[in-house]
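Here's a quick tour of one protein model, written for someone who would rather look at the geometry than read a long introduction. Have the viewer open while you read.

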Amino acid sequence: MSGSRSQSSGLRVQPAAFGAVPTGARLERIRRSPHFANGAFVNPEGARLAPSRGVALEMAKGYFRKDERVRRAPAGLIPVHSTTLADLARPPASGLRITWMGHSSVLAEIDGHRVLLDPVWGERCSPFPFAGPKRLHPAPLPLAALGPVDVVVISHDHYDHLDMPTIKALAGTDTVFAVPLGVGAHLEHWGVSEGRIRELDWNEATKVGGLTLTATPARHFCGRGLRNAQQTLWASWVVAGDEHRIYHSGDTGYFQGFKDIGAEHGPFDITMIQIGAYSEFWPDIHMTPEEGLRTHLDLQGGGTGGVLLPIHWATFNLAMHSWAEPGERSLWAAHEAGVTLATPRPGEPFEPRNTPPADPWWRSVARRPAEGWTAWPPVGEQLDLVAES
């Protein structure tokens, strides 16, 4: 779908990473969406997008305090699994293999097809190469070492999910891009041909080879430039093959619609759920680990089946909580609920059907709490405290 223009603002020269806003036929399709009203996309159950000015000022003060900055970063080098092209060249024995590349970037090999979700290989999630949140660990392997990818899926247009350098590197390949409404304008601006873009509204689906990809609702927002017009959609995604089905949440706050997604598309072999960068100041647009666990249960129809992979943490410093907190809270929430949790190191492939990696690897490089770490795995009913260095 053609039709895009540069974003308008007070800047004379727009950074290319701002992308483009929808125009023409693309904008007309957006305006026909049942989820678009009064010039903007609308969240299910509504959402507060930002704290008040006074609260934001207090947050900013805390963000730049030295003691706060220290706790939001690892104390050592994050262990990255040295995945190779040879590792990924062997087809998964079960037909489904997942490789978490860090943050929300996942390579899913499903029923003979390869899907790359929210790929971010850039050094910063920012429109500028010299400012903005920088990676806390390198990409597990070069983008070119992934080999051919059948489809790239984008959840929304924020910089930590839609990365211009990564998209430009993929623009010259044969891959198909599945994106929410309006996001195609950015892709065309960066060199992806119109014919390789599948742009979907919530609850719309497209076929790529033997896969069905469905854009499902999420509770978030959009925007890349100085003005946030809410004219590109955000989505979670269901990817279904002949034998397996997976779910990727993108960014979202908790809402009751997860139950509907699960009823229509579930249950899932694995759910990849956002559990990092949460805050009491923006509770409607990001989930806590406990809410992520609740989402997994909703998607599985209330059952404890399938594997939960926590995403949207460990790679970028985007909130006030400590660096290791999302992983640690997810570990215990899943344990208490009887849900199988996968906690691979970035770049570590695993097959959900087999026993997924589930050790708290982050403890080896995190700043140890004053009270020590709670013993893992639990010993009977007694949760001993151990002081690990």
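What follows covers a sheet, a run of strands, two helices and the internal cavities.

## The seven-stranded sheet

Keep in mind that this is a predicted model. Start with the open sheet: seven strands in the order S10-S9-S8-S7-S6-S5-S18, with mixed pairing. Its edges are S10 (197–200) and S18 (349–350), each of which pairs on one side only.

At the S10 end, strand S9 (residues 176–180) runs parallel to S10, and four bridges join the two. If you want a pair to click on, phenylalanine 177 has isoleucine 197 of S10 as its bridge partner. As a reminder, the strands of a sheet pair through backbone hydrogen bonds, in either a parallel or an antiparallel way.

## S11, S12 and S13

Next along the chain, the pairing turns to the antiparallel kind: strand S11 (residues 205–208) and S12 are linked that way over four bridges. Alanine 205 sits opposite threonine 214 in S12. The two strands form a hairpin with two residues between them, and there glycine 209 takes a positive phi near 60 degrees.

S12 also pairs with S13, again in the antiparallel sense, over five bridges. Here threonine 212 has alanine 240 in S13 as its bridge partner. How enclosed is S12? Five of its six residues are buried, so S12 is largely enclosed by the rest of the structure.

## Helix H7, a two-faced helix

Helix H7 (residues 257–265) has Gly257, Phe258, Ile261, Gly262 and His265 buried. Why do these five count as one side of H7? Because they cover an arc of only 145 degrees around the axis, they end up on the same side of the helix. The general background is that an α-helix has 3.6 residues a turn, so residues three or four places apart point the same way.

Turn H7 over and you get the exposed residues Asp260, Ala263 and Glu264, on the face pointing away from the buried side. What covers the buried residues? The cover includes strands S12 (211–216), S13 (236–240) and S14 (245–248), along with helix H8 (289–299).

## Helix H8, largely enclosed

H8 is another story: eight of its eleven residues are buried, so this helix is largely enclosed by the rest of the structure. The buried set is Pro289, Gly292, Leu293, Thr295, His296, Leu297, Asp298 and Leu299.

The elements covering them include S14, H7, strand S15 (270–274), S16 and H9. After H8 comes glycine 301, with a positive phi near 70 degrees.

## Cavities

How many cavities of 30 Å³ or more are there? The count comes to three. The largest has a volume of about 130 Å³. Its lining has 15 residues, and Ala314, Phe316, Asn317, Leu318 and His321 are the ones nearest its centre. By class, that lining breaks down into eight nonpolar, six polar and one charged residues.

The second largest cavity holds about 50 Å³ of space. Its lining consists of Trp100, Leu309, Pro310, Trp313, Gly327, Ser330, Ala342, Thr343, Pro344 and Trp362. Strand S16 (307–311) and helix H9 (325–337) are the elements that give two or more residues to this lining. The class split here is seven nonpolar, three polar and no charged residues.

Note on methods:
Residues are numbered from 1 along each chain as its sequence is written. This is a predicted model: local features need pLDDT of at least 70, side-chain atom pairs count only at pLDDT 80 or more; totals for chains, interfaces and linings use all residues. Side-chain values use heavy atoms; hydrogens and water are left out. Two strands pair if DSSP finds at least two bridges between them. Buried means under 20% relative accessible area, exposed over 50%, partly exposed in between (1.4 Å probe, protein chains only). The arc is that of the directions from the helix axis to the C-beta atoms. Contact means heavy atoms within 4.5 Å. On a 1 Å grid over the protein atoms alone, a cavity is a set of points where a 1.4 Å probe fits but cannot get out, and a pocket is an open set with protein on both sides within 12 Å along at least five of seven lines; lining residues have an atom within 4 Å of a point. Grid points are joined across faces, edges and corners, and a volume is the space filled by probe spheres set on the points. Ala, Val, Leu, Ile, Met, Phe, Trp, Tyr, Cys and Pro count as nonpolar, Asp, Glu, Lys and Arg as charged, and the others, Gly among them, as polar.
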